[in-house]
Amino acid sequence: MAETKRAGFVAILGAPNAGKSTLVNLVVGSKIAIVTPKVQTTRARVRGVRMAGATQIVLVDTPGIFAPKRTLDRAMIEAAWSGATEADLVVLLIDATRGLDDDAMRIVAGLKEAGRRAIAVINKVDAVAREKLLPLAKTLDQTGIVTDVFMVSALKGDGVDDLVRHLAARLPEGEWLYPEDQLSDITERFLAAEVVREKLFLQLGDELPYAATVETERFSEQPDGSARIEATIFVQKDSQKPIVLGKDGRRIKAIGQAARLELEGLLGRRVHLFLFVKVRKNWADDPARFRAMGLNFPR
Ligand SMILES: Nc1nc2c(ncn2[C@@H]2O[C@H](COP(=O)(O)OP(=O)(O)OP(=O)(O)O)[C@@H](O)[C@H]2O)c(=O)[nH]1
Ligand SMILES: [Mg+2]
């Protein structure tokens, strides 16, 4: 007899930089969400699909949850919490190097308030001393909202198979939500903009990435099978434009080159990438920019 089909959503919640996108990419087996060492990399919800036998696990990567300051922050956090609302299971991802800090406690409080329980996953176990893990697991257990505690390294893959098995077994019976061979709900246009934003985050100092957003303006297939992509980097101030461009345009060139190489790997075809930098002072208060990012504009 065929195995019973199961399917459902698993929202991954956590503080900024906990490794949510790294975990989702690993479980999906393909890069669908960008990853950087900086906080607040992910801005919108992204769904990734992993088949485990007859079970379809739809992982929902979310923006990190923190104390919001800007309109964009509020939109990101709303996106994260709405990811949890629609989910069958919630994973609370904890950065082992930070433990249950203020950001993590804020999520615990939010889950409590919503009457939700979560599977706690302690990530980055490769980066801390073993002795620290058991006390952390105990503290998580005592929050009263945690059903199980797993320890993983999303970077190295340790412990992730166990977690996937656990998730699969707890999803409800039902028809699959996506075609079996689909890996995510993102479009190639969105992926292109995100990969450019990742390279921008990696190339720039601490402040500027947060002043920038990237949109794919044109995406067309060429007769020779390659893709032609035009993307615009929006910054908020005139003074930020030369920083993105770099001396003699060297920085934008490096960003473009790195993005193109990665996109060729991800899209499986040659890519011609054209980047533009524009100043749009109010993009962070412009509902259209939020929609382009996959976010609702907070009221
Ligand atoms: N040592 C170690 N580093 C990790 C691990 N998982 C993720 N990282 C690193 O942590 C940083 C943040 O990873 P992301 O996956 O972008 O984290 P995130 O939770 O999605 O971050 P936001 O989208 O900003 O909320 C990156 O530099 C990762 O390489 C891990 O298991 N071990
Ligand atoms: Mg992320």
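**Figure 1. The whole chain has the spread expected of a compact globule.** A compact globule of 299 residues would have a radius of gyration near 19 Å, and the chain agrees with that because its own value is 20 Å. Please keep in mind as you look around that this is a predicted model. Along its principal axes, the C-alpha trace spans about 55 × 45 × 40 Å. The fold is built from 9 helices and 9 strands. Of the 299 residues, 52% are buried. If you like thinking in terms of contact order, take the contacts between residues at least 6 apart in sequence: 72% of these join residues at least 24 apart.

**Figure 2. The surface and the charges of the chain.** The chain exposes about 13,900 Å², and 50% of that area is supplied by carbon and sulfur atoms. For anyone setting up electrostatics, there are 44 positive and 39 negative side chains. The centres of these two sets of charges lie 5 Å apart.

**Figure 3. Two domains and the contact between them.** Domain 1 covers residues 6–170, and domain 2 covers residues 188–293. Their C-alpha centres are 27 Å apart. Where the two domains meet, 18 residues of domain 1 are in contact with 22 residues of domain 2.

**Figure 4. Val24, a buried residue of helix α1.** Val24 belongs to helix α1, and its relative accessible area is 0%, so Val24 is buried. Setting aside residues up to four places away in sequence, Val24 touches Ile12, Ile32, Leu59 and Asp61. A useful landmark in this view is Gly48: it comes 24 residues away from Val24 in sequence, yet the two C-alpha atoms are 6.8 Å apart in space.

**Figure 5. Two residues of the loop between α1 and β2.** This close-up follows the loop that links α1 (20–28) to β2 (46–52), where Gln40 is found. Gln40 has a relative accessible area of 16%, which means that it is buried, as the cut-off for that class is under 20%. Its backbone deserves a look too: phi of Gln40 is near 60 degrees, a positive value in a residue other than glycine. Most residues other than glycine have a negative phi. Arg45 sits in the loop between α1 and β2 as well. With 31% relative accessibility, Arg45 counts as partly exposed. Beyond its neighbours within four places in sequence, Arg45 is in contact with Val60, Asp61, Thr62, Pro63, Ala79, Ser82, Gly83 and Glu86. For a sense of scale, the C-alpha atoms of Arg45 and Lys156 are separated by 24 Å, with their positions 111 residues apart along the chain.

**Figure 6. Asp103 in helix α3.** Helix α3 runs over residues 102–114 and includes Asp103. This acidic residue is buried, because its relative accessible area of 15% falls under the 20% limit. Leaving out neighbours within four places in sequence, the contacts of Asp103 are Ala15, Pro16, Ile65, Phe66, Ala67 and Arg98. Ala192 is 89 residues from Asp103 in sequence, and the two are 30 Å apart, C-alpha to C-alpha.

**Figure 7. Lys124 in the loop between β5 and α4.** Here the chain leaves β5 (118–123) and heads for α4 (133–141), with Lys124 in the loop between them. If you are checking backbone torsions, stop at Lys124: although it is not a glycine, its phi is positive, at about 65 degrees.

**Figure 8. Glu215 in strand β7.** Glu215 is part of strand β7, which spans residues 213–221. Its relative accessibility is 11%, so Glu215 counts as buried. Apart from neighbours within four places in sequence, Glu215 is in contact with Ala193, Glu230, Ala231, Thr232, Phe234, Arg289 and Ala292. A modeller choosing what to display might start from the charged residues in that list, including Glu230 and Arg289.

**Figure 9. Gly294, in the segment after α9.** Helix α9 covers residues 287–293, and Gly294 is in the segment that follows. Gly294 is exposed, because its relative accessible area of 53% is over the 50% limit. Ile122 lies 172 residues away from Gly294 in sequence and 28 Å away in space, C-alpha to C-alpha.

Terms used: Residues numbered from 1 in each chain as written. Chains lettered and ligands numbered in written order. Predicted model: local features only at pLDDT ≥ 70, side-chain atom pairs only at ≥ 80, totals over all residues. Heavy atoms only, no water. Helix = DSSP H or I, 4+ residues; strand = E, 2+ residues; numbered from the N terminus. Rg over C-alpha atoms; globule rule 2.2 N^0.38 Å. Buried < 20%, exposed > 50% of the residue type's maximum accessible area, 1.4 Å probe, protein only. Contact = heavy atoms within 4.5 Å. Areas by Shrake-Rupley, 256 points an atom, 1.4 Å probe, with all protein chains shown as cover. Lys, Arg positive; Asp, Glu negative; His and termini not counted. Charge placed at Lys NZ, Arg CZ, Asp CG, Glu CD. Domains from an automatic or database assignment.
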